[in-house]
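Open the structure in your viewer and keep the selection panel at hand. The tour goes from packed side chains to rings, then to cysteines.

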Amino acid sequence: MKRPNASDIEFNTPFIRQRADPYICRHEDGTYYFTASVPEYDRIILRSADTVKGLQTAAEHVIWYKHDSGEQGSHIWAPEIHYLNDCWYIYYAAGETENKWKIRPYVLQCTGPNPVSDQWREMGRMKGSDEDLFTFQDFSLDATVFQHKKEYYMVWAEKTGTGKKISQLYLSKMETPWKLSGEHILLSTPDYDWERRGFWVNEGPAVLKHGGRIYLTYSASDTGSNYCMGMLSIDETEDVMDPHAWKKYRKPVLVTDETKHIYGPGHNSFVKGEDMVTDYCIYHGREYGKIDGNPLYDPNRHTMIMKVKWNEEGEPVFSYGV
């Protein structure tokens, strides 16, 4: 049987249908794992394969179901799988059965080395540090984790204000995989017009490292065709907990392209290819722009893959051209 490889991937076209907020990670043994939001928002799924392409047809396993009532009973969103301190964790957002918009971040921990076949246990809601009385007190979601100088950091989106509220990005060190350390910082707020269409939104952060810099992409505006990707960056020698050390890019880095029939691209992740050199941007998008009703409940956000290019300044370029 022919082993799938990177050259077999069809870029910027549905790779896995009806899987939004896609996340792919590559384990140190070379195994790839895929998880994403399902249209029913009622469970967490996981696939594994030896190659990125292999995830497309890999068996899909349900590793966790929503609760029948109370917390974690509704809106199971945007799971991410991370390997921290020799253990697997999944970070995800969930609402309550009686209040589906009371969204908070939660954590699962795998009880063994195989995240597909071993059992997962609930670690409960992600905790802020003891001295931080503000974090996760309102609508909070899309937590991602990255390592920098032997320490782990979490970036997440949280709303503030009144009325429709504003979704902003925050950053904190982590004390444990289920608890933050110290005070958090405000990393990005929707400053620009393209971040304020429908809703004022910064969410879905993802980290990419290259050439001595850390790049952090995020998604902006409402989840229809306005949805797009922005970017921040910082030199690895700088203090990542200094918000003024981060550079925010004035223009979005990925937007709807009607000629390519890709609408509302966003909520991405990054993963290395099998050669450990090529960077892939894993994102979701629709094939049409007109949506009846709330776009959150339109099921046709599909996982797509883009090959990341690099310009002369060493910065990532996100282009629908192969």
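A nonpolar core here is a set of buried Ala, Val, Leu, Ile, Met, Phe, Trp, Tyr and Cys residues joined through side-chain atoms within 4.5 Å. Keep in mind that this is a predicted model.

**Stop 1: the largest core**

Select Trp77, Leu141, Leu171, Leu187, Leu216, Val240 and Trp246. Of the 27 residues in the largest nonpolar core, these touch the most other members. Now colour the strands β5 (71-84), β9 (140-148), β10 (151-160), β11 (166-176), β12 (179-188), β14 (213-220) and β15 (228-235): each supplies at least two residues of this core. Strand β14 gives the largest share, four residues.

Centre on Leu171. Which residues does Leu171 touch, leaving out those up to four places away in sequence? The list includes Phe146, Tyr153, Trp156, His184, Leu187, Val240 and Trp246.

Another core lies apart from this one. It has 18 residues, among them Cys25, Trp64, Ile90 and Leu108. In soluble globular proteins, nonpolar side chains tend to be buried together.

**Stop 2: aromatic pairs**

Switch to the rings. The count comes to 17 aromatic pairs. Take Phe11 and Tyr280: their ring centres are 6.0 Å apart and their planes meet at 35°, so the pair is tilted. This pair links distant parts of the chain, 269 residues apart. Phe11 sits in the segment before β1 (20-26), while Tyr280 is in strand β18 (residues 279-286). Both Phe11 and Tyr280 are buried.

Next, select Tyr41, Trp77, Trp101, Phe139 and Tyr297. Ring pairs link them into a cluster. Trp77 appeared at the first stop too, as a member of the largest nonpolar core.

**Stop 3: charges over rings**

Show Arg196 with Trp200. The charged end of Arg196 sits over the Trp200 ring, 3.6 Å from its centre. Then show Lys164 with Phe199. Lys164 lies over the face of Phe199, at 4.3 Å from the ring centre.

**Stop 4: cysteines**

How many disulfides does a search of the whole structure find? Zero. Select Cys87 and Cys110. Cys87 is in no disulfide, and the nearest cysteine sulfur, that of Cys110, is 6.7 Å away. A disulfide needs sulfur atoms within 2.5 Å. Cys87 counts as buried, at 14% relative accessibility.

End on Cys281. Its closest cysteine sulfur, in Cys228, is 13 Å away, too far for a bond. Is Cys281 buried or exposed? Cys281 is buried, with a relative accessible area of 0%.

Key:
Residues are numbered from 1 along each chain as its sequence is written. This is a predicted model: local features need pLDDT of at least 70, side-chain atom pairs count only at pLDDT 80 or more; totals for chains, interfaces and linings use all residues. Side-chain values use heavy atoms; hydrogens and water are left out. Rings of Phe, Tyr and Trp (its six-membered ring) pair if their centres lie within 6.5 Å; planes under 30 degrees apart count as stacked, over 60 as edge-to-face and the rest as tilted. Buried means under 20% relative accessible area, exposed over 50%, partly exposed in between (1.4 Å probe, protein chains only). A charge sits over a ring if NZ of Lys or CZ of Arg is within 6 Å of the ring centre and within 35 degrees of the ring normal. Contact means heavy atoms within 4.5 Å.
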